[in-house]
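Biologist: Please take a close look at one part of this model and go through it step by step. After that, place the part in the rest of the chain.

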Amino acid sequence: METMENHLLPSAEIFFDQDQDWIFQQDEASSHTAHSVRNWFQEKQIPSYIDHKMVNTKITSVEHLKSVLFDEWLKFPSDVVKNMIESMPIRVAECIKAKGGHLKSNMI
């Protein structure tokens, strides 16, 4: 939660207008699925795209997971994808500047 508070939120302020909605793309990592983290997302009113779409999906195999993720990716809103693409030059420049190390506190 500290990382999201200190890095995710400041980065969102850089990449999105204040009145623009954005969605955290959840990867279901255990650090993102703890009850305290889910509560933090709810408190901050941050929707979690993959979490929201897959919370009731029972994954039965790796191939099933791949299929479900692929289907959900195809449904991903084009404006969100556009914002991701447009923000890449800034992100790549920061990665190069950091020589693969940690990025500045206002970058993810």
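Modeller: Glutamate 86 and lysine 82 are 4 residues apart in helix α6, which covers residues 78-97, so about one helical turn separates them. The model is a predicted one, and in it the side chains of glutamate 86 and lysine 82 meet in a salt bridge, with 3.5 Å from N to O. That distance counts because the cut-off for a salt bridge is 4 Å between the side-chain nitrogen and the carboxyl oxygen. In general, side chains of opposite charge can pair when their charged atoms come close.

How accessible are the two partners? Glutamate 86 has a relative accessibility of 46%, so it counts as partly exposed. Lysine 82 is partly exposed as well, with a relative accessible area of 48%. Both labels follow because exposed means over 50% and buried means under 20%, with partly exposed in between.

Helix α6 also holds asparagine 83. Is asparagine 83 buried or exposed? Its relative accessible area is 18%, so it is buried. Leaving out residues up to four places away in sequence, asparagine 83 touches Phe16 and Gln20.

The search of the whole structure finds 2 salt bridges. Besides the pair in helix α6, glutamate 63 and lysine 66 join their side chains in a salt bridge at 3.5 Å, N to O. These two residues sit in helix α5, 3 residues apart, which is about one turn of the helix. Glutamate 63 has a relative accessible area of 54%, so it is exposed.

Helix α5 spans residues 62-74 and includes leucine 69. Leucine 69 is partly exposed, at a relative accessible area of 35%. Together with Ile59 and Leu65, Leu69 makes a nonpolar surface patch of about 200 Å². Leucine 69 can belong to such a patch because its 35% passes the required 30% relative accessible area.

Now to another pair of helices. Helix α1 (residues 2-15) packs with helix α3 (residues 35-43) at an angle of about 35 degrees, and their axes are 12 Å apart. On the α1 side, the contact is made by Met4, Glu5, Leu8 and Leu9; on the α3 side, by Val37, Trp40 and Phe41. The crossing of α1 and α3 is right-handed.

Last, the protein as a whole. It has 6 helices and 0 strands, and along the sequence the pattern reads α-α-α-α-α-α. Of its 108 residues, 27% count as buried. Among contacts with a separation of 6 or more, 53% come from residues 24 or more positions apart. The accessible surface is about 7900 Å², and carbon and sulfur atoms hold 54% of that area.

To return to the part we began with: helix α6 carries the salt bridge between glutamate 86 and lysine 82, and it also holds asparagine 83, which is buried.

How values were computed: Residues are numbered from 1 along each chain as its sequence is written. This is a predicted model: local features need pLDDT of at least 70, side-chain atom pairs count only at pLDDT 80 or more; totals for chains, interfaces and linings use all residues. Side-chain values use heavy atoms; hydrogens and water are left out. Patches are made of residues with over 30% relative accessible area and no salt bridge: like charges are joined within 9 Å, nonpolar side chains (Val, Leu, Ile, Met, Phe, Trp, Tyr) within 5 Å. Accessible areas come from the Shrake-Rupley method with a 1.4 Å probe; for residues, only the protein chains shown count as cover. Buried means under 20% relative accessible area, exposed over 50%, partly exposed in between (1.4 Å probe, protein chains only). Axes are lines fitted to C-alpha atoms, for helices over the stretch in contact, and angles run from 0 to 180 degrees between N-to-C directions. A crossing is left-handed if the near helix is turned anticlockwise from the far one by less than a right angle, and right-handed if clockwise. Contact means heavy atoms within 4.5 Å.
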